[in-house]
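Reader: I have a model on my bench screen and a few questions. Can we go through it briskly?

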Amino acid sequence: MLIITLITVFSCIDFNANTVPDMILVYTQPLWNWFSVGDFTVPISLTLDGLSLTFLSLISFFGLLIYFFAACYLTSREDIYTFYAYSNLLIASILTVVLVDNLFVMLIGWEGLSISAYLLIGIYNKQPRNGYAAVKAFVIMHLTDIFLIIAIFLLYQTLDTLNIREVLEQAHENLAIDSDIIFWITLMLFLGAMSKSALFPMHSWFTETTLAPMPALALLQSSTVILAGVYLVLRLSHLFMMSSDVLAMIAMISSLTILFASTIALVQYDIKRIITYINLAQISYLFYAFSTQSWNLSLNCLINYTVTSTLLILASSILIKKCQGERDISKLGGLIKSFPLLHVVFLIIMLSLSAMPWISASFYVKGDIIWGLMAEDRLISGTIGLMGILFSSLGIWRLISMVFYHKQKQHEFAKTKWISYCPIFILLIFTTALFIYVPLPIQGIVPMGNIKTNGQLSFQLLSAAVTILSFFIAYILYAHRRNSEVQEVLNTPIIKFCLRLCHSDWRYDYLLNSLFVKPYVYLAKLLKKDPLALWDNWIMWGIKKVNSFIVDLENGQIRWYMVSMVIGSIIILMLLIFI
């Protein structure tokens with residue numbers, strides 16, 4: 001991983017030295033032709049431009065930090081070797097997705113991500129629950145891969161090429177905006193990216209990653225698999241700009257994901273599940289940016305998400321390890337005296353997630369994304385975006401208050417190496433407003449959107465008010481939860497119903513089990529008995545009955561044979577006369 005990071009650094013230096021204003025710099029390295037069928041040839045070549053270099057930098061930088069943290073965090077030698085082996089496959093797969101210039105070759109890395117996620121989630125495969133979770137993640141991630149393959153077929157049938165640059169050029173020249181073929185191609189591409197980006201309702205694999213070790217959780221949720229779906233949409237952003245219906249659909253799915261994930265995070269007690277659902281809600285802001293065609297802004301949002309999610313997972317890892325593996329926040333409390341440094345880290349993470357006005361980078365990035373929705377009169381999506389900030393802030397406040405402020409319930413703690421804090425200290429710098437908009441070499445590759453500034457200041461004040469409101473609500477709910485008025489509100493039927501719904505994950509797994517799993521199991525059991533063989537048995541029984549009747553006619557009596565011949569002759573004569 002260090003070698004990959006060094007190569008990336010040298011590539012960035014060389015790329016910057018050779019960049020010419022108003023020109024797109026692209027490096028291409030042909031390797032070999034994979035196979036040919038008639039006129040269809042699939043070459044394997046690597047391409048590096050500003051967009052792929054940006055993703056390469058993210059993957060290498062955060063991958064190196066997570067690899068370093070894993071060396072300090074994991075204790076079992078077998079777990080360390082297994083983690084690095086599977087993680088190397090994961091890194092190789094995401095690099096394949098980012099660096100190849102052919103959609104068909106991209107499928108190699110795309111499927112490699114699913115296999116790597118299956119392996120990392122199932123590291124502790126001796127426990128049946130982990131094996132089941134790994135299989136579930138593998139199946140769900142593959143369900144939408146079918147749509148990506150359909151999109152590739154449609155692109156080749158329509159444009160007669162799968163080279164990404166040629167696809168974008170020919171689509172702009174030969175396909176009409178909002179045409180049927182553009183709608184179906186972009187819809188299939190988006191559905192293909194949904195599972196890798198863990199959008200509702202293809203998020204189940206994302207929640208199953210909680211059974212993986214924490215370094216693997218960081219890789220899966222922040223710096224590898226999630227980047228694949230985002231990269232696909234960004235790389236083909238010129239296609240998505242030609243389909244307004246699909247962009248509207250992206251906004252709708254993002255809204256559902258924010259509501260789903262942020263409300264569930266409010267009622268969880270497992271630290272891993274809390275941070276997983278908080279991260280799931282943050283991913284949706286990326287796709288909000290896509291729906292408003294703010295492609296350059298989405299990259300800044302991606303960087304902010306990667307920093308915040310990695311920071312949250314690494315800090316939670318240290319917390320869980322110090323508490324000797326205890327993940328239930330109801331069994332923790334009063335840790336502010338024992339771990340003041342960790343408390344400060346969580347407070348900074350809270351400021352980033354709650355979009356602290358004019359201090360955190362997320363205030364500007366998320367604010368601009370939601371403002372873009374409001375400017376396009378998508379008031380419902382914009383309101384849900386503000387609610388997502390409110391709920392995410394409440395979720396992290398709840399974790400902090402129950403772990404650090406409530407009555408202490410655990411008194412024995414494990415020691416951790418001070419060096420494991422180094423990746424956290426590095427990441428804390430990038431959460432501040434100093435890194436609002438990092439200059440990225442994407443000019444001419446990704447469409448540059450312009451944000452309307454009229455009324456933006458008043459919206460920033462509204463966003464700041466939402467953040468302050470979240471602090472006030474968190475103080476009432478979690479600092480004075482024994483307040484009689486608060487308890488009276490929480491005991492109302494509608495609040496109890498909402499809490500039960502969120503505790504059950506919106507009954508999503510129940511619906512999934514009822515609509516898909518049970519019918520599939522029923523059909524499997526039915527086919528196990530081989531219904532076609534039952535029909536075959538009936539046919540054989542009928543043949544045997546007819547055969548036994550014919551055998552009875554052969555009784556050896558001449559008079560019966562004579563009568564049979566006469567009856568047969570009469571029947572033949574009647575047929576000749578009347579037909």
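**Ser 381 and the salt bridges**

Author: Not counting residues up to four places away in sequence, Ser 381 touches Ala 251, Ser 255, Tyr 288 and Leu 373; contact means heavy atoms within 4.5 Å. This is a predicted model: local features need pLDDT of at least 70, side-chain atom pairs count only at pLDDT 80 or more, and totals for chains, interfaces and linings use all residues. Residues are numbered from 1 along each chain as its sequence is written, and side-chain values use heavy atoms, with hydrogens and water left out.

Reader: Is Ser 381 buried or exposed?

Author: Buried means under 20% relative accessible area, exposed over 50%, partly exposed in between (1.4 Å probe, protein chains only). Ser 381 has a relative accessible area of 11%, so Ser 381 is buried.

Reader: Which residue shares a side-chain polar contact with Ser 381?

Author: A polar contact is a pair of N or O atoms within 3.5 Å; within protein, one must be able to donate a hydrogen and the other to accept it, and residues adjacent in sequence count only if both atoms are side-chain atoms. At 3.5 Å, the side-chain partner of Ser 381 is Ser 255.

Reader: How many salt bridges does the structure hold?

Author: The term means a side-chain nitrogen of Lys or Arg within 4 Å of a carboxyl oxygen of Asp or Glu. The structure's count is seven.

Reader: How far apart are the closest N and O atoms of Lys 136 and Glu 208?

Author: Both residues, Lys 136 and Glu 208, are buried. They form a salt bridge, and its closest N and O atoms are apart by 3.3 Å.
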